[in-house]
Amino acid sequence: MRIIDLLDKRSIRLDGMASDKKDALDKMVELMAAGGKINDVDKYREGVYAREEESTTGIGDGIAIPHCKSDAVKRPGLAAMVVPDGVEFASLDGQPVNLIFLIAAPNTEDNVHLDVLSKLSVLLMDETFTEGLKNAGSVDEFLQVIDAAESDRDEEKEETAEPAAGAGSTQKFIVAVTGCPTGIAHTYMAAEALEKKAKELGYQIKVETRGSGGAKNVLSAEEIGRADGIIVAADTKVPMERFAGKRVVVTKVADGINKSEELINKALDGSAPVYEGGAEDREQSDSGEKESFGHAAYKHLMSGVSHMLPFVIGGGIMTAIAFLIDTICGYGSIGGGDFGSCTPLSALFKYIGGLSMGMMVPVLAGYIAYSIADRPGLAVGFAGGLLAANGNAILAGYPFAAAGESMGGFSKFIADFAFVGENSGNTVSGFLGGIVAGFLAGFLVLGLKKVCEKLPDALDGIKPTLIYPLVGIFAVGVLMCMIFNPLIGLVNTGLSNMLSGISDAGMITVLGLILGAMMAIDMGGPINKAAYVFGTGMLATATQMMNEGAQSSDPAVQACYIAMASIMIGGMVPPVGIAAACKLFPHKFTTAERGSAVSNIVMGCSFITEGAIPFAASDPFHVIPCTMVGAGVAGFLSALFRCTLMAPHGGIFVFATVGQPFLYILAWLIGSAVTAVMLGFIKKNAK
């Protein structure tokens with residue numbers, strides 16, 4: 001089936017307009033219905049929405065390919081719309097969409113929509129093709145552009161459909177596998193890029209695609225055996241054991257699209273590592289790359305952090321609202337240790353928010369362990385995180401201690417090292433302890449799996465339900481109580497004292513400068529996340545200190561809230577500063593970039609730094625220094641003005657909980673202005 005066969009003239013519009021993504025989808029469904037392919041428009045529309053909720057079909061470069069397979073479809077069809085002014089579509093590259101294709105497929109087993117989708121994805125990689133569609137003066141011309149491109153594509157396929165190089169051929173032979181989490185556009189785009197580049201370089205290639213319709217063009221054992229190079233460009237799991245003993249280039253699917261020549265050369269020059277395989281069919285990481293220990297550790301940590309954040313954000317904002325209520329009611333200066341619980345309403349908010357925040361460390365540890373050891377690591381990680389959050393039990397609370405019994409030998413050892421005295425040092429290891437507990441739990445469970453490999457098969461059923469949780473929880477509990485809780489408790493005490501010292505020495509502004517700048521270097525990357533994780537840790541430290549009797553006005557507690565304020569303002573500057581630069585210096589930006597100014601303002605106001613990523617990616621050496629300086633200035637001024645923030649997220653929506661809110665807004669605007677003016681001077685004119 002050809003693309004041209006699925007297009008009806010009534011389903012094509014060349015002068016489309018849409019206010020947002022939902023409006024664009026609605027208009028695409030209307031176009032599809034106009035072609036007579038739908039028997040239940042509402043049901044089909046619901047299916048299109050549902051597919052879009054799974055992941056965006058805006059594949060980047062101004063293109064979107066929404067699709068739906070449904071009983072509401074009478075026969076396969078396509079609808080197309082050109083949007084000259086663009087529409088925000090939550091695309092992978094954050095840019096507006098100008099060209100939309102909607103696919104409708106009946107709910108049959110032939111997956112016709114996936115075949116057409118793969119064809120479209122490949123054709124849309126050609127900028128000449130997409131420009132021809134966008135500039136078509138009539139529907140007939142639009143169809144002619146597609147017909148010509150598809151015909152050329154089919155001819156190319158026929159020319160390259162000759163048998164792969166045989167065993168006696170001198171031509172190099174490469175095999176590859178491509179796949180992405182959704183198994184749609186990027187899977188086939190990477191395959192196309194590798195095939196084109198291999199042909200250009202004079203090599204034979206066979207690419208296995210692992211898309212939504214399953215694996216296609218599957219590699220045979222004979223082809224793998226005689227391959228001169230193997231490439232796996234995938235962000236999803238791929239059966240890897242078949243490559244054992246061969247040199248394999250393992251990378252992410254985006255590299256298959258953008259770095260095809262580099263991958264082919266690496267696959268053939270003998271520099272790729274040998275894939276060793278293993279009993280559990282070790283598969284490449286989710287990132288698709290052969291990971292270093294450091295990268296793997298970062299991935300595990302971010303798994304924990306990403307699962308932790310909803311608890312931190314929801315619970316943290318509720319706790320901040322409790323403080324706000326008490327402040328409005330006049331308890332800000334007289335509430336003392338009960339501040340946040342002085343009225344029934346504030347106490348309710350603080351109780352719910354406190355319980356949610358209390359889940360922060362256990363969830364962090366649990367999902368770090370889960371990332372390392374899969375499901376068996378979850379319970380062990382949660383247990384370690386709970387011990388980190390609560391510290392060691394107080395010895396005096398147990399009857400054998402209260403009775404004054406004399407203990408000796410092993411009992412005394414346990415009492416001395418696994419418990420803590422009533423007025424002794426801090427053993428709540430908190431956020432840092434949760435990280436340690438998560439990694440401990442994950443690697444403990446991996447070790448248990450190795451040890452249990454030699455047990456009889458009849459015991460497989462009790463390994464995950466009895467052996468791993470029982471032995472794992474006991475082991476991580478002993479290590480946390482006897483070693484890590486006391487040690488990290490000392491570190492946390494030192495951190496609290498350090499913050500007090502920084503505040504007393506007037507150096508909190510330096511901390512604000514550093515944290516603000518860190519938020520604007522990689523906009524959601526490791527440096528940004530490190531600063532944000534530090535800030536949420538500071539909020540947890542402040543809560544812990546207040547639970548131990550500290551006042552909200554104490555310097556150490558204030559230093560924690562000042563640090564969080566500098567972090568959030570640093571993350572709000574880049575999108576707003578760039579949006580301002582688009583208005584003040586339009587010649588520095590492309591039309592598409594200028595069109596995203598409003599969305600960047602919204603994202604900046606919502607503390608979504610990632611709105612600046614497309615600008616930084618397209619011109620990092622000019623954009624990143626500007627965003628970093630502006631965010632650093634904002635963080636510095638926020639700390640200088642002693643602005644505080646008790647909520648970990650929310651942007652302008654939590655400004656009511658900010659201490660010195662008007663000065664905070666002033667610092668934000670000044671930092672954004674610095675970024676905008678620097679971009680005006682430093683950035684080159686757009687082509």
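This passage describes the overall make-up of a predicted model and then three local features of it, namely a buried serine, a helix and a surface patch.

The protein comprises 687 residues, of which 49% count as buried, and its secondary structure consists of 26 helices and 13 strands. Among contacts between residues at least 6 apart in sequence, 74% join residues that are at least 24 apart. The area that the protein exposes amounts to about 30,200 Å², and 60% of this area is supplied by carbon and sulfur atoms.

Helix α10, which spans residues 260-268, has S260, L263, I264 and A267 as its buried residues. When the helix is seen down its axis, these buried residues fall within an arc of 100°, and they therefore line one face of α10. Just after this helix, G270 adopts a positive phi of about 80°.

A buried position is also found in helix α12, which covers residues 344-358 and includes S346. The relative accessible area of S346 is 0%, and because burial is assigned to values under 20%, S346 is classed as buried. A polar atom of the S346 side chain lies 3.5 Å from the backbone nitrogen of C342. When neighbours within four places in sequence are left aside, the residues in contact with S346 are A322, I325, D326, G340 and S341.

On the surface, a nonpolar patch is formed by M507, V510, L513, I514, F636 and L640, which together have about 500 Å² of accessible area. Two elements, α19 (508-519) and α25 (620-640), are those that give two or more residues to this patch. The largest contribution comes from α19, which provides three residues. One of the patch residues, V510, is located in helix α19. The relative accessibility of V510 is 39%, and since the partly exposed class lies between the buried limit of 20% and the exposed limit of 50%, V510 counts as partly exposed. The two residues examined singly thus fall into separate classes, with S346 buried at a relative accessible area of 0% and V510 partly exposed at 39%.

Technical notes. Residues numbered from 1 in each chain as written. Predicted model: local features only at pLDDT ≥ 70, side-chain atom pairs only at ≥ 80, totals over all residues. Heavy atoms only, no water. Patch = residues over 30% accessible without salt bridge, like charges linked within 9 Å, V, L, I, M, F, W, Y side chains within 5 Å. Areas by Shrake-Rupley, 256 points an atom, 1.4 Å probe, with all protein chains shown as cover. Salt bridge = Lys/Arg side-chain N within 4 Å of Asp/Glu carboxyl O. Helix = DSSP H or I, 4+ residues; strand = E, 2+ residues; numbered from the N terminus. Buried < 20%, exposed > 50% of the residue type's maximum accessible area, 1.4 Å probe, protein only. Contact = heavy atoms within 4.5 Å. Arc of directions from axis to C-beta. Polar contact = N/O pair within 3.5 Å; in protein donor to acceptor, adjacent residues only side chain to side chain.
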